[in-house]
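User: Could you pick one part of this structure and look at it closely for me? Please then connect it to the rest of the chain, and spell out the cut-offs as you go.

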Amino acid sequence: MLWKSIGILFVVLAVYILLSATVFHFLEQPHEILVKNLTRDFHMEFLRKFPCLPQDELEVFVQRVLKSYDMGVVATATKTSETNWDFASSFFFSATVVTTIGYGNIAPNTLAGKIICIFCALCGIPLCTVFLAAIGQKLRFPITKLQEKMITGRSHRVLRCVKVCLCVVLGSTLLIFLPSVMFTLAEGWHYGVSVYYSVVTLTTIGFGDYVAGVQAVPYRDLYRAVNGVWVVLGLAWVALIISEMTGDINDKIVKNEMRCSKSDRKDKEHEMTSLDTESIENVLVK
């Protein structure tokens, strides 16, 4: 790829990130300030109700609770969280490592666990990438067959656009909107939150603010197993869409670079021909 093409892509990406940052700034900062004010008011009201509790001891208690929460443990006098390291949960964690989702709600706390996590990632991520690419090829086959039945005798660009549209529509329906109904029923989330979780998961962003299967839902192990199958199919679908969408762009970039290289080659040949002609003329004059 030519440096000119890389520069153009960099400018487009930078502008896109700047616009996104501007939107997030004006949307999220006012809400953050509101939450901070409400939390401070709650803190002061709590101390007024219980003046016998020293503020420094309360701060220590809050820090302990936050530290436990960062380790994936939610425990109070009336509620104890489900274990995060039973076999089903450990399997789910391993899947999030090799798929690079990495929710961040739980992580290994022991040194041995951290070392195993490193080797799990180094060996598992390439293996998972190859596996997802193979699944993506299998998913491409029915889409291509459906495309051939719907449209024939069209240009390559039209066929590619139709294939991308079919992938987006069918995949969004089967792997985002329908699973979001399941998450809404099982987790009690708003449907918009479930769609948000589905997109964040399948794009491997994995913020960790919402994670399915953390709460004590009925048939938790089966629920997490189904969730794992959904993640694999969804990641393969996202990889397929990215491949199809970037294919046309890459083709255009390659064609432009070939055109530029041919033009440069012709210019060099013209310069060499001109130099040879001038040399011959100089010899004849002498």
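Analyst: Isoleucine 115 sits in helix α4, which covers residues 111–150. Helices here are DSSP runs of H or I with at least four residues, strands are runs of E with at least two, and both are numbered from the N terminus. Please keep in mind that this is a predicted model, where local features need pLDDT of at least 70 and side-chain atom pairs count only at pLDDT 80 or more, while totals for chains, interfaces and linings use all residues. Residues are numbered from 1 along each chain as its sequence is written, and side-chain values use heavy atoms, with hydrogens and water left out.

Is isoleucine 115 buried or exposed? Its relative accessibility is 40%, so isoleucine 115 counts as partly exposed. That label lies between buried, under 20% relative accessible area, and exposed, over 50%, using a 1.4 Å probe and protein chains only. Isoleucine 115 also has nonpolar company: together with Leu111, Ile118, Phe119 and Leu122 it forms a surface patch with about 540 Å² of accessible area. A patch takes residues with over 30% relative accessible area and no salt bridge, joining like charges within 9 Å and nonpolar side chains (Val, Leu, Ile, Met, Phe, Trp, Tyr) within 5 Å. The areas come from the Shrake-Rupley method with a 1.4 Å probe, and for residues only the protein chains shown count as cover.

Now for the chain around this patch. The protein chain has seven helices and zero strands. Of its 286 residues, 25% are buried. Its accessible surface comes to about 20400 Å², and carbon and sulfur atoms hold 70% of that.

Helix α4 also takes part in the interior. It is one of the elements that give two or more residues to the largest nonpolar core, along with α3, α5 (156–187), α6 (191–202) and α7 (220–285). This core has 28 residues, and those with the most contacts inside it are Tyr103, Phe183, Tyr197, Leu202, Ala212, Trp230 and Trp237. A nonpolar core here is a set of buried Ala, Val, Leu, Ile, Met, Phe, Trp, Tyr and Cys residues joined through side-chain atoms within 4.5 Å. The biggest contributor is α7, with nine residues. As background, nonpolar side chains in soluble globular proteins tend to be buried together.

Phenylalanine 183 is a good residue to click on next. Setting aside residues up to four places away in sequence, it touches Gly188, Trp189, Ser194, Tyr197, Ser198, Ala212, Tyr223, Asn227 and Trp230. Contact means heavy atoms within 4.5 Å. Across the protein chain, 59% of the contacts with a separation of 6 or more join residues 24 or more positions apart.

Which residues link helix α7 back to distant parts of the sequence? Leucine 240 lies in α7 and is buried, at 4% relative accessible area. Beyond its neighbours within four places in sequence, leucine 240 contacts Gly136, Leu139, Arg140 and Cys167. The C-alpha atoms of leucine 240 and valine 164 are 9.0 Å apart, although 76 residues separate them along the chain. Serine 243 is also in α7, but it is partly exposed, with a relative accessible area of 38%. Its C-alpha atom is 9.5 Å from that of glycine 136, with the two positions 107 residues apart in sequence.

Helix α3 (residues 87–98) is another contributor to the core, and its buried residues are Ala88, Ser89, Phe92, Phe93, Thr96, Val97 and Val98. The 12 residues of α3 should span 16 Å at 1.5 Å a residue, and the end C-alpha atoms are 17 Å apart, which agrees. The expected span is 1.5 Å times one less than the number of residues. Just after α3, threonine 100 takes a positive phi of about 60°.

Finally, the charged pairs. There are three salt bridges, each a side-chain nitrogen of Lys or Arg within 4 Å of a carboxyl oxygen of Asp or Glu. Glutamate 32 and lysine 36 pair at 3.9 Å, N to O; they lie four residues apart in α1 (residues 3–49), about one turn of the helix. Glutamate 45 meets arginine 48 at 2.6 Å; these two are three residues apart in α1, so about one helical turn separates them. Arginine 40 and aspartate 41 form a salt bridge too, with their closest N and O atoms 3.8 Å apart.
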